[in-house]
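Student: Got a minute to go through this model with me? I'd like to start with how the helices pack.

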Amino acid sequence: MGFALAAHGIRKSVPLWLLVIASQLPDWTDAGFCLAGIRPSVPGILSHSFPAVALLALVTSAAYAATHRDPAGMVLVAAVVASHAVGDYFTGLKPTWVGGPMIGLELYKRPVLDFIVETAVITGGWLVYRRSLPEDRRSSPPAMTLLAVLILIQIGTDIVLSVATGMRKC
Ligand SMILES: [Zn+2]
């Protein structure tokens, strides 16, 4: 999500809500598959492997292209989807492709640590976004509220995803 905010700072014409969805899409796809009772033999193969992330990035940028004539924005949306997978390789253990190795540093396995890492990335992204604002608005209530709201969304996501994981046990 920090990448989403940084991307919005780089290119204001791409709506932030879209970038936030893009940045969490592989996790929601994962949760969706599991809630639908679809359990691949390799966890995350349908949502976090290279081909799956490429497909999600393609679908998201195609959806964006259908509503906006903005090639640079399209690339940015796709990059934000991919940034989620890159982040997961640092923090988790994810499949690469069918039959390929699982890679990841597994820096955390718990939502609390996920929250700490994500909050650090969000704050970094927010600082990039903040620099795109006029100087007199950088510490304004809307700018501060945005940071608070994004952190709250992250808390909500961590809670929902950990509950969903507990329910489905996959
Ligand atoms: Zn993920």
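Tutor: Sure. Bear in mind that this is a predicted model. A good place to start is helix 2, which passes helix 3 in a right-handed crossing.

Student: At what angle do helix 2 and helix 3 pack, and how far apart are their axes?

Tutor: The angle is about 145°, and the axes lie 11 Å apart. Helix 2 covers residues 16–35, while helix 3 covers residues 50–67.

Student: Which residues meet there?

Tutor: From helix 2 you have Leu18, Ala22, Leu25, Pro26 and Thr29, and they meet Leu56, Thr60 and Tyr64 of helix 3. Sorted by class, that contact has 6 nonpolar residues, 2 polar ones and no charged ones.

Student: OK, and the loop between helix 2 and helix 3? Is histidine 48 buried or exposed?

Tutor: Histidine 48, which is found in that loop, has a relative accessible area of 1%, so it counts as buried.

Student: What is histidine 48 in contact with, leaving aside neighbours within four places in sequence?

Tutor: Quite a list: Pro26, Asp27, Asp30, Val53, His84, Asp88, Tyr89, Lys94 and Pro95. Pro26 also belongs to the helix 2 side of the helix contact. As for leucine 25, its C-alpha is 9.7 Å from that of histidine 48, with the two positions 23 residues apart in sequence numbering.

Student: And serine 49, buried or exposed?

Tutor: Serine 49 is in the loop between helix 2 and helix 3 as well. Its relative accessibility is 3%, and the cut-off for buried is under 20%, so serine 49 counts as buried. Setting aside neighbours within four places in sequence, serine 49 is in contact with Gly44, Pro95, Thr96 and Trp97. Pro95 is on the list for histidine 48 too.

Student: Let's zoom out. In what order do the elements run?

Tutor: From the N terminus they go α-α-α-α-β-β-α-α, with 6 helices and 2 strands in the protein chain.

Student: Why does the radius of gyration agree with a compact globule?

Tutor: Because a compact globule of 170 residues would come out near 15 Å, and this chain has 16 Å. The C-alpha trace spans about 55 × 35 × 25 Å along its principal axes.

Student: What share of the residues is buried?

Tutor: Buried residues make up 42% of the 170. The chain exposes about 9,300 Å², with carbon and sulfur atoms supplying 72% of that area.

Student: Last one: how much of the contact set comes from residues 24 or more positions apart?

Tutor: They account for 60% of the contacts with a separation of 6 or more.

Conventions:
Residues are numbered from 1 along each chain as its sequence is written. This is a predicted model: local features need pLDDT of at least 70, side-chain atom pairs count only at pLDDT 80 or more; totals for chains, interfaces and linings use all residues. Side-chain values use heavy atoms; hydrogens and water are left out. Axes are lines fitted to C-alpha atoms, for helices over the stretch in contact, and angles run from 0 to 180 degrees between N-to-C directions. Helices (H or I, at least four residues) and strands (E, at least two) are DSSP runs, numbered from the N terminus. A crossing is left-handed if the near helix is turned anticlockwise from the far one by less than a right angle, and right-handed if clockwise. Contact means heavy atoms within 4.5 Å. Ala, Val, Leu, Ile, Met, Phe, Trp, Tyr, Cys and Pro count as nonpolar, Asp, Glu, Lys and Arg as charged, and the others, Gly among them, as polar. The radius of gyration is taken over C-alpha atoms; the globule rule is 2.2 Å times the number of residues to the power 0.38. Buried means under 20% relative accessible area, exposed over 50%, partly exposed in between (1.4 Å probe, protein chains only). Accessible areas come from the Shrake-Rupley method with a 1.4 Å probe; for residues, only the protein chains shown count as cover.
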